[in-house]
Amino acid sequence: MENSASAALEPLLSFLTFSLSTLESGFYKLPGSAVVARYVKSSHQNDPGRTILELILIIFAIRTLLQSRTRADRSGKHFIKFSEKEIDELVDEWAPEPLVQPLTEWEQKDLSSVPVIAGPNGPKPKLFSTGKTVTNLASFNFAGLAGNEQVKDRAVDTLRKYGLGSCGPPGFYGTIDVHIDFERDIAEFLGTEAAILYSQGFSTISSVIPAFCKRGDIIVADRSVNFAIQKGIQISRSTVRWYDHNDLKSLEDTLISVEKERKKRKGLLTRRFIITEGIFERDGEMVDLPKLIELKLKYKYRIILDESISFGTMGRTGRGLTELYNVPASQIDMLVGSVANGLCSAGGFCAGSAIVVDHQRINGTSFVFSASMPALLATSGSEAITYLRNNPSVLLTLQDNIRAVRAVLEKTEGITLLGHRASPIIHFCLRTQQQSLSVTTATYDHEAEERILQDIVDDVIANGVLITRAKHLRGQEMIESRPTIRIAVTAALTKKEVEKAAGVVKTSVTRILSKRR
């Protein structure tokens, strides 16, 4: 009987053995199966109860994933049913949370005080609210190119030939011949190997920085750089060391301390950058470029220089600080500028070696993912460069106007002028015992000073001169700036006109401050 039973079960056992052998060989063909098998064998040998528990948990997890998310049946008996009336009442009672905090009384007043210009901008625009023509000392029309007929005619011709939009990013189908011509014009104008165009001015420097500076790299930057540079540094995620505003002795001390830290921890030599502005947008100070280059060469750093204010305003033909200090542009690794400020067009650029420019065509996020600038703006920029080359006297007029404005405002009681004497933007703040823009070293009532300065701005505008307060994003910028009024001098006005406008500002300052006393 036993022999006959064994003979009957032998085919079944052979099939099971064959099946298990096939499954085992198939299992071991899977990647990582040997590790799983070794873990199961060791776990079962040491603690069989743990293996059973793990199998139960695996089965439970699979069941949880496969089962329905709710226990409701098709009848929906587990859901609460509302009548149409109840639904309407709930909708009426619902109050959505505001996306932003409501404006304060001061913010509403500040917003309503922004002047609106009717028609084209220029040295003497017309206000929409009153219809009166005002002298414009608020726009960055330094060389007086806004409304220039020569530039305007070239833009109109381009518009008729190419249309308005560029239809795509530069790397796809947004690049046309006028963009290439404009890049070549900028490079030849500055004396660099190549240049690259960005369609937005703000995103130029904030894209150039993270294109070269990565995590682990070292950035040494001025504490008072503009907001666009701050965003670029933040995006780069590099290690940042700050030095005192426009203090190259503080910069050198910081460079020395960075090198000491590296040697102390025996770290590898990584990429290192110095980031600063030519003329600081925050207060009009100017960097000592020859000394900056000397420190760069001595401590083996690369320089990213933002010339958004100095390009088109400084030097004999507007080439910026490199022309002013007679320094070869090749000494600056990444020279960044604004087409909107210097050439009264739009966008920005980065000039440097061919390697630096080609790298950005793939790694510059604002270049890769933004539509290229309209063709008419590119030709307007090229025409503006031609105008600066052929009319260097316009920059002499600009400097004469700057000196005229400063001469009047320096005699005004109750305010202090800030910045370099050649800067086309002039800031002034209310005079206190401590004249510092940094909130860490000066004590003042920020909102109270803003209100006084806004009263001055409103009074000046009412008397036919357009100026503005320097606007900053409180709570978002790295340092909190002292409230100032910013005057943008232009070469489009005569010396008598800017002297008269500065006299209006002086009178308004005296009038408003006398009422406050």
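1. The crossing of helices α18 and α20 is right-handed in this structure, which is a predicted model. Helix α18 covers residues 393–409 and helix α20 covers residues 495–516, and their axes come within 9 Å of each other while crossing at roughly 25°. Because angles under 35 degrees count as roughly parallel, α18 and α20 are described as roughly parallel to each other. On the side of α18 the residues that meet the partner helix are N401, A404, V405, V408 and L409, and on the side of α20 they are K495, V498, E499, A502, G503, V505 and K506. Sorted by character, the residues of this contact between α18 and α20 comprise 7 nonpolar, 2 polar and 3 charged.

2. Helices α9 and α10 can be read in a similar way. Helix α9 (residues 202–212) packs on helix α10 (residues 227–236) at an angle of about 30°, with the two axes 8 Å apart, and α9 and α10 are therefore roughly parallel to each other. The crossing in which α9 passes α10 is right-handed. From α9 the contact draws on F202, I205, S206, I209 and P210, while α10 supplies F227, A228, I229, K231, G232, I233, I235 and S236. The residues of the contact of α9 with α10 divide into 9 nonpolar, 3 polar and 1 charged.

3. K231 deserves a separate look. This residue is placed in helix α10, and K231 counts as partly exposed because its relative accessibility is 27%. If its neighbours within four places in sequence are left aside, K231 is in contact with F202 and S206, and both of these residues belong to the α9 side of the helix contact. For a sense of distance across the model, the C-alpha atoms of K231 and L66 are separated by 46 Å, with their positions 165 residues apart along the chain.

4. Helices α6 and α17 give a contrasting orientation. Helix α6 spans residues 149–162 and helix α17 spans residues 375–390, and they pack at an angle of about 150° with axes 8 Å apart. That angle makes α6 roughly antiparallel to α17, because the cut-off for this description is an angle over 145 degrees. The crossing of α6 and α17 is right-handed. Q150, V151, R154, A155, T158, L159 and Y162 of α6 make the contact together with A375, L376, T379, S380, E383, A384 and Y387 of α17. The residues of the contact of α6 with α17 divide into 8 nonpolar, 4 polar and 2 charged. It may help to recall that an α-helix has 3.6 residues a turn, so residues three or four places apart point the same way.

5. Helix α11 is worth checking for its length and its surroundings. It has 17 residues, numbered 248–264, and reaches 24 Å from its first C-alpha to its last, which is close to the 24 Å expected at 1.5 Å a residue. Which residues of α11 are buried? They are L248, S250, L251, E252, T254, L255, V258, E259 and R262. What covers these buried residues includes the strands β5 (218–222), β6 (239–243) and β7 (272–277), together with helix α12 (289–299).

6. Strand β7 also holds T276, which is buried because its relative accessible area is 0%. Leaving aside neighbours within four places in sequence, T276 is in contact with D222, V225, I229, Y243, V287, L292, I304, L305 and D306. T276 and H245 stand 31 residues apart in sequence, and their C-alpha atoms are 9.5 Å apart in space.

7. A second threonine, T416, is found in strand β11 (residues 415–418). With a relative accessibility of 17%, T416 counts as buried, since the cut-off for that word is under 20%. The C-alpha atoms of T416 and F212 are separated by 39 Å, and these residues are 204 residues apart along the chain.

8. Two backbone angles should be inspected with some care. Most residues other than glycine have a negative phi. C167, however, has a positive phi of about 70° although it is not a glycine, and C167 lies in the loop between α6 and α7 (170–174). With a relative accessible area of 61%, C167 is exposed. N326 likewise has a positive phi, of about 55°, and is not a glycine. The place of N326 is in the loop between α13 (321–324) and β9 (334–338), and N326 is exposed, with a relative accessible area of 70%.

Definitions and conventions:
Residues are numbered from 1 along each chain as its sequence is written. This is a predicted model: local features need pLDDT of at least 70, side-chain atom pairs count only at pLDDT 80 or more; totals for chains, interfaces and linings use all residues. Side-chain values use heavy atoms; hydrogens and water are left out. Axes are lines fitted to C-alpha atoms, for helices over the stretch in contact, and angles run from 0 to 180 degrees between N-to-C directions. Helices (H or I, at least four residues) and strands (E, at least two) are DSSP runs, numbered from the N terminus. Angles under 35 degrees count as roughly parallel, over 145 as roughly antiparallel, 65 to 115 as roughly perpendicular and the rest as oblique. A crossing is left-handed if the near helix is turned anticlockwise from the far one by less than a right angle, and right-handed if clockwise. Contact means heavy atoms within 4.5 Å. Ala, Val, Leu, Ile, Met, Phe, Trp, Tyr, Cys and Pro count as nonpolar, Asp, Glu, Lys and Arg as charged, and the others, Gly among them, as polar. The expected span of a helix is 1.5 Å times one less than its number of residues. Buried means under 20% relative accessible area, exposed over 50%, partly exposed in between (1.4 Å probe, protein chains only).
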